[in-house]
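Student: Could you give me a close look at one part of this structure? I would like the salt bridges taken pair by pair, and then the other local features.

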Amino acid sequence: MTTAPTARQNAVGTAHTRVEGRDKVTGAARYAGEIPFADLAHGWLVLSTVTRGRIRSIDTADVLAMPGVVAVLHHGNAPRVETGYVGLLGVPDPTATVFQHDRVPHAGWPVALVVAETSEQAREAAETLVVHYEQEPHDVDFTGEHPDAYPLDSHAPAVIEKGDLEAELAASAVVVDAEYTTPEEHHTMMEPHAATARWDGGRLELVDSNQGTFWVASELAQMFSLDPSAVRVRSEHVGGGFGSKGIRAHQVAAVMAATELQRPVRVVMTRRQMFSLTGYRSPTRQHLRLGADADGRLRALEHRSLSATSTVHEFVESAAGPARTMYGADAHHTANRLVRLDVPTPTYMRAPGEAPGSFALESAMDELAVKCGLDPIELRARNDPGTGPVSGLPFSGRNLIACFREGARRFGWADRDPRPGLRREGRWLLGTGTAAASFPAGAGPSTAAVTAEANGTYTVGINAADIGTGARTALTLIAADALQTATEHVRVRIGDSDLGPAFIAGGSMGTRSWAWAVTIAAGELRERLALGADIPPEGITVRSDTTEAIGALAQAERHSFGAQFAEVAVDPATGEVRVRRMLGIFAAGRIVNPLTARNQFVGGMTWGISMALHEEAVRDPALGSHYGADLAGYHVASHADVPAIEADWIDDPDPDDPVGIKGIGEIGIVGAAAAVANAVWHATGVRHRDLPIRPDRVLMAGVRA
């Protein structure tokens, strides 16, 4: 037997194409809705057509007589599931624990699952099924005053108050007092939610598209009162998640049907169903009050945010959270409040809290800079805190101003005339804007196994989820360096709950969490091999668990930072806004793979353009459901809307991380919409505080004379 060879080092930091790239472009990589199963049946969800009320009856007889139909599951015959447990992210949203009662709390609530031999038969039967309701009055209006709004703690306290806010505002030479709004927004990833459930030798297997197989397996085990070892979830390739792909109605319905029929059942959501069942970003109303001395130093900072949730589950969009990190003030008050409406439950969406919160905060800071007669970058530099503005904890690294300086140099900021409405190019008014970005840098406990194979290669097994971010490739580079071998000698296995516990792909914590576990296991394996151990046919495996190491981290403010720059052109005759160029400079830890990292930053910035100018889900107050719940009615940025976007970074390794990683998946969207909005002000002299900045809003606001 031979020991594994050593080869080149320092794969981390070099551009590397995706290890699964060829499979994806040739179609060899199969997604959850494409994997074949023998004797496969297809389920189609039936959603409520009323917004609030009760199900009186369901006419199943005619549907069961239709060609190919084998079952109709509903609240009268579906298996009972456990709903009182506490999972990874808290108690389950009842929207996922389907068919347990006759209540309808919002439009698009799942009321039945029709199962047939083909998806076409299932869809036709589902559209034929007649459901009788007892309809009740509903309220989906988020636009007015909500006296019943209440604060809700989430991962952070709902309300944090420091200092005498009113006194500091009264003593301030300059005050900004404004309200900002963001609309309901949806994930709209390329791959819809899909899951296939089957029983195999007394064990439940789910082939799914999700952001954490161990998470989904744990939820299903608790819902169906199964031993955790009796559930296996696989999710090898995922076509986008953005916070939406956790435990949802389609997985639970598929398991119910597979249990009842004792055959595999696949449930795939339509794009329209996803608008009701897979979460979204809540609309927000945010009130900012900033008070500053004449030199721009903040004396008072108040950021209050209101978001919506359903009547059956609580989820808060913590938009006031970014203010707790970004700027210091003598009086610092922040609050996140909720109002219950007859709407589906919101959920995490790329940069939850930070994306809408940064729009309001960074727009208000731009307004303050104008009132103080200061350059927007200089204002931010004067209020850059040395420690956490609220926590008082040290920063593990805070290179925000370095990002601004580098970005300003590359963007040509010094040549900017700060006066608005002066630059013209034919019919277009031109303007530039900037904004800051920040996102937490966390890590979650994970396990990993690294095996030295007898043929001289290595196999890494970690229950990571590559949701299109390039995580599989990044882990290959990290493992190669930790093993001191070449990347072609490393094979990474992910997306299988049998691989053991690992953190989810979420919160920009995935790669950081998984890399930590892989690095520890690989390091221990390399030490064993250095002692001259022969490798038997089954290989030598070392397993790691980072729970203790992560728990021992000293308390600190850990964040990625960035500076966003945008140039826009506005046509005052049509209201059209075009983003001409964007630049983002980020301090986001050690960059593992520059190729996929740049993709992540640019993708986030593109989403910021979409957020600023296009995305807006609108509900009909009379019906309670969406207008245009599809990609024809819900507008996202298209190729024509996206200019040449440049993203780069400065050296910023995290000293407390084994690889130096912080996380990059979400910071690209933070501050991007504010940079665009601030550029629109600079072009027109008119401030837009409501997203998206539609042509009609530009026309109504006009241009400052």
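Tutor: What follows starts with the salt bridges and then moves to a helix, backbone geometry, empty spaces and surface. Keep in mind that the model is predicted.

How many salt bridges are there? A search of the whole structure finds 53. Three pairs are taken up here.

Take R410 and E646. Their closest N and O atoms are 2.4 Å apart, and the two residues form a salt bridge. This pair links distant parts of the chain. R410 sits in helix α11, residues 400-411. E646 belongs to strand β25, residues 644-649. The two are 236 residues apart. Is R410 buried or partly exposed? R410 counts as partly exposed, because its relative accessibility is 31%. E646 has 38% relative accessibility, so E646 is also put in the partly exposed class.

Next comes E576 with R578. This salt bridge has its closest N and O atoms 2.7 Å apart. E576 is partly exposed because its relative accessibility is 24%. R578 is at 28%, so R578 counts as partly exposed too. Turn now to a network elsewhere. Salt bridges with shared partners join E406, R409, R410, R598, E646 and D648 into one network. R410 and E646, the pair described above, are thus both members of that network.

The third pair is E20 and K24. Their side chains meet in a salt bridge, 3.1 Å from N to O. Here the two partners fall into separate classes of exposure. E20 has a relative accessible area of 3%, so E20 is buried. K24 has 24%, and therefore K24 is partly exposed.

Now the helix α16, residues 672-684. Does its length agree or disagree with the expected span? At 1.5 Å a residue, its 13 residues should span 18 Å. The end C-alpha atoms are 19 Å apart, which agrees. How many residues of α16 are buried? The count is 13 of the 13, so the helix is largely enclosed by the rest of the structure. G685 follows α16 and has a positive phi, near 80°.

Further along, between α16 and α17 (695-701), runs a loop that contains P692. L691 and P692 are joined by a cis peptide bond, with omega about -5°. Why single out such a bond? Most residues other than glycine have a negative phi, and most peptide bonds are trans.

Two phenylalanines also have backbone angles worth a look. F99 is not a glycine, yet its phi is positive, about 60°. F99 lies in the loop between β3 and β4. F99 is at 4% relative accessibility, so F99 counts as buried. F242 likewise has a positive phi of about 60° without being a glycine. F242 is placed in the loop between β12 (231-234) and α6 (249-261). At 27% relative accessibility, F242 counts as partly exposed.

The loop that holds F99 also holds L89: it runs between β3 (69-74) and β4 (103-104). L89 has 43% relative accessibility, so L89 counts as partly exposed. Which residues make the nonpolar surface patch with L89? They are L88 and Y348, and the patch covers about 270 Å².

On to the empty spaces. The second largest pocket has a volume of about 610 Å³. Of the 27 residues that line this pocket, L47, S48, T49, G108 and R272 are the closest to its centre. Which elements contribute to the lining? β1 (41-47), α3 (119-128), β6 (130-135) and α7 (271-277) each supply at least two residues.

Then the cavities. The structure holds four of 30 Å³ or more. The largest cavity has a volume of about 50 Å³. Its lining is made up of H186, H187, T188, R271, M274, F275, T278 and G279.

One last residue is H138, in the loop between β6 and β7 (150-151). H138 counts as partly exposed because its relative accessibility is 22%. How far apart are H138 and T546? In sequence they are 408 residues apart, and in space 48 Å, C-alpha to C-alpha.

Conventions
Residues are numbered from 1 along each chain as its sequence is written. This is a predicted model: local features need pLDDT of at least 70, side-chain atom pairs count only at pLDDT 80 or more; totals for chains, interfaces and linings use all residues. Side-chain values use heavy atoms; hydrogens and water are left out. Patches are made of residues with over 30% relative accessible area and no salt bridge: like charges are joined within 9 Å, nonpolar side chains (Val, Leu, Ile, Met, Phe, Trp, Tyr) within 5 Å. Accessible areas come from the Shrake-Rupley method with a 1.4 Å probe; for residues, only the protein chains shown count as cover. A salt bridge is a side-chain nitrogen of Lys or Arg within 4 Å of a carboxyl oxygen of Asp or Glu. Helices (H or I, at least four residues) and strands (E, at least two) are DSSP runs, numbered from the N terminus. Buried means under 20% relative accessible area, exposed over 50%, partly exposed in between (1.4 Å probe, protein chains only). The expected span of a helix is 1.5 Å times one less than its number of residues. On a 1 Å grid over the protein atoms alone, a cavity is a set of points where a 1.4 Å probe fits but cannot get out, and a pocket is an open set with protein on both sides within 12 Å along at least five of seven lines; lining residues have an atom within 4 Å of a point. Grid points are joined across faces, edges and corners, and a volume is the space filled by probe spheres set on the points.
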